[in-house]
Amino acid sequence: MHWIQSEGRVYYDASNRPIRMLGAIVDITRQKNAEEELKRFKFMADNASDIFILMCESSSLAYLNKEALEQWGYNEEESLNLKMRDIDVLYNKKAFDDTFALAQKQTIPPFETVYKRKDGSAYPVEINMAGLVLAEKPYLFAVVRDITESKRALEEQAKTNQRLEIALEAGRLGSYELELATGLMSCTPQCKANYGVASNESFNFADLLAVILPTYRDYVQERVEKAINEHSVYSAEYQVKWPDGSVHWINASGKASYDENDKAVLIVGVTIDVTDQKLLQQQKDEFIGIASHELKTPVTSIKAYAQVLERILAKKGDTQEAAMISKMDAQLNRLTSLIADLLDVTKINSGRLQFNYTSFDFNQLIAEVVEDLQRTTQKHTLMEDMQETGQVYADKERISQVLVNLITNAIKYSPHTKNIIIHTRLVNDEVMVSVEDFGIGISKEKHKRYLSNFTV
Amino acid sequence: MIGDDDPGIVDAVEIILDFEGYQVSSTVNGATILDMQSEFPDLLLLDIWMSGFDGRDICRELKQRKTTQGIPIIMISASRDIERSAYEAGADDFLAKPFEINDLLDKIKKLLKEN
């Protein structure tokens, strides 16, 4: 299909009769298409929510869409006389000409500049430009985006980052990003410093694994995998060897982010050198360990003296005195178990608590403990409600300690009631023990503190 | 015989054993025990930590010597965790500090009866 423009002229004879017509026929399909193109373009541009402008080679504005007129405060008539220097605060002729020429040949990457409105107010914009030929004339087409908000957001983010950096630095926290697919890491200088690595050296996951002491490597990988699988926060403490040979404790944590298929792609987190804290903790544990060990020696001899004194007095018939010494001996036993508890806490904290496993009948152990503790109280009746549990393989001494703690607690906190019931059940091949008293109970707020140190 | 580097313990245990009718000698020095050539005791109470000496080394040495391997040894320590290593060193019995006199006397009686 073609558009034809036909022009002609009719020639007349003397009596004014048309005798012939001379004319020309021109194929104007291209012009027609260009007009259509321009119409379509204006329609689209006028309905867009961004600013669209069309510039001529002379830098005057051929067209501004409605959005542009509205935002800049011009009417259509005024817009016809606008030149780019009226709009672009940073306008310079040479740059414009170069860009115009270049845009006819290739795409121009987006750039930022500052535009001004009719009232003179200026604001930052991002410009996307392309060369365009309409009705056989070259134009520069531009989409103008107001970036005031995103600039402010960026500045805000930069400020936030700066604050974060200060916080990280003050806490000597190193932060890292680990790309899981490649094992590439981006680390802050402090993060590298925590591993004894200079800030200009590269430090990726493979390098990290290499400096972790071999005993912790599997542990670290397991912790990372567990956190990824459970979508939880990863946290681990491990030892690393710095290039200078010194060994440091690192506390690391992080959290994974996932793609749309729920595949973990990135771990972001922080690390901190906790060597000093660890050392102090170790010194504290050692101190308590040595102190309680040293305390045992005098207690041993006091206890020996007390017992021999008791015997001598008993032999002499001084029963009252002997009974007093016996009470003293009982107090010494309390002191001994306090020292032992102190030592146990240290051992638990440092992971050095040893267990001596044997097989024994669980219910029989309970019966023994109940028999011992029944002797310590006249007010209470310890009752057994036990189902056959069979043999367990455990540290008898330690289990007995736990039972004693539970039952003595029950006695201590139910001063006005009589019965304490010890239940045992076999549940899925495990023994379940419960000690039931009818005393004041434990308040709800304290429930979550059950398992922390020194909680009664 | 008692070997312990704490004079208080040595003294108290001596009194007890004396009171129970045993003849007791003692030392706070590990070397004395290894220097014994004759007049061996019927039984040895040995502390695991003797200043400068590890009681377990002394125990191991005594159990290797022909002249002394027959002497029953009860090792005493403030740490329960080294009970196993005491037996590995050849000890006949083990007692954790602080101990009940009755436990000590029972162990002594039992070992003396066996020998």
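**Disulfides.** I began with the cysteines, counting a disulfide as a pair of cysteine sulfur atoms within 2.5 Å. By that rule I get 0 disulfides over all chains of this predicted model. I then looked up two cysteines, taking buried as under 20% relative accessible area, exposed as over 50% and partly exposed as in between (1.4 Å probe, protein chains only). A:Cys56 is buried at a relative accessible area of 14%, and B:Cys59 is buried too, at 0%.

**Ground rules.** I number residues from 1 along each chain as its sequence is written, with chains lettered from A and ligands numbered from 1 in the order in which they are written. Because the model is predicted, local features need pLDDT of at least 70 and side-chain atom pairs count only at pLDDT 80 or more, while totals for chains, interfaces and linings use all residues; side-chain values use heavy atoms, with hydrogens and water left out.

**Confidence.** I noted an ipTM of 0.82 and a pTM of 0.52 from the predictor for the complex. For chain B, I find an average pLDDT (the predictor's confidence in each residue, from 0 to 100) of 87, and 98% of the residues score at least 70.

**A sheet in chain A.** Helices (H or I, at least four residues) and strands (E, at least two) are DSSP runs numbered from the N terminus, and I call two strands paired if DSSP finds at least two bridges between them. In chain A, I followed 5 strands in an open, antiparallel sheet ordered E9-E8-E12-E11-E10. Which strands stand at the edges? They are E9 (184–187) and E10 (234–241) of chain A, each with a single partner strand, so one side of each has no neighbour in the sheet. On average, neighbouring strands are turned by 25° against each other, direction ignored.

I traced 8 bridges from E10(A) to its antiparallel partner E11 (residues 247–258) of chain A. Across this pair, A:Tyr238 stands opposite A:Ile250 in E11(A).

Helix H10 (residues 275–316) of chain A packs on the sheet, touching E10, E11 and E12 (264–273) of chain A; I count contact as heavy atoms within 4.5 Å. The direction of H10 makes about 120° with that of E11(A), using axes fitted to C-alpha atoms (for helices over the stretch in contact) and angles from 0 to 180 degrees between N-to-C directions.

**Chain B.** I see 5 helices and 7 strands in chain B, in the sequence pattern β-α-β-α-β-β-β-α-β-α-β-α. Of its 115 residues, 49% count as buried. Residues 24 or more positions apart account for 54% of the chain B contacts with a separation of 6 or more.
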